[in-house]
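Please open the structure in your viewer and keep a selection panel at hand for a short guided tour.

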Amino acid sequence: MGKKATPKRHRMMLSNVPAGLRQRCKALAALSGKTLNDWVVKAMVEKAEDEIDIREGLAALANPEGTVTLEQLKTELEARDRACAVAE
């Protein structure tokens, strides 16, 4: 049997990080039971996912397909209210 393939990992270095910031991040990592490296990687992934979500959300807002005007929404809600009132 061969070895399991492990994902390739790359080293990343941060320069000019203020000492106070490094200490706060290290403390937060420790409080969550993680190493500073694992904590920073998790934060980077979360930030990247947030950026992707924002871009996708903005793209969806720019696409008018499937949207309704305010007047159409009001008409639909009023019709729904009338239908519920009749059913009661």
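The stops below go from the whole chain to one surface patch.

This is a predicted model, in which local features need pLDDT of at least 70 and side-chain atom pairs count only at pLDDT 80 or more, while totals for chains, interfaces and linings use all residues. Residues are numbered from 1 along each chain as its sequence is written, and side-chain values use heavy atoms, with hydrogens and water left out.

Begin with the whole protein in cartoon view, where you will find 3 helices and 0 strands, these being DSSP runs (H or I of at least four residues for helices, E of at least two for strands) numbered from the N terminus. The radius of gyration, 25 Å, is well over the 12 Å that the globule rule gives for 88 residues, so the protein is more spread out than a compact globule; the radius is taken over C-alpha atoms, and the rule is 2.2 Å times the number of residues to the power 0.38. Along the principal axes, the C-alpha atoms fill a box of roughly 65 × 50 × 30 Å.

Next, colour by accessibility: buried residues (under 20% relative accessible area, with exposed over 50% and partly exposed in between, using a 1.4 Å probe and protein chains only) make up 2% of the 88 residues.

Now select residues 36-62, which form helix 2, and find Glu56 within that helix. Glu56 is exposed, with a relative accessible area of 51%.
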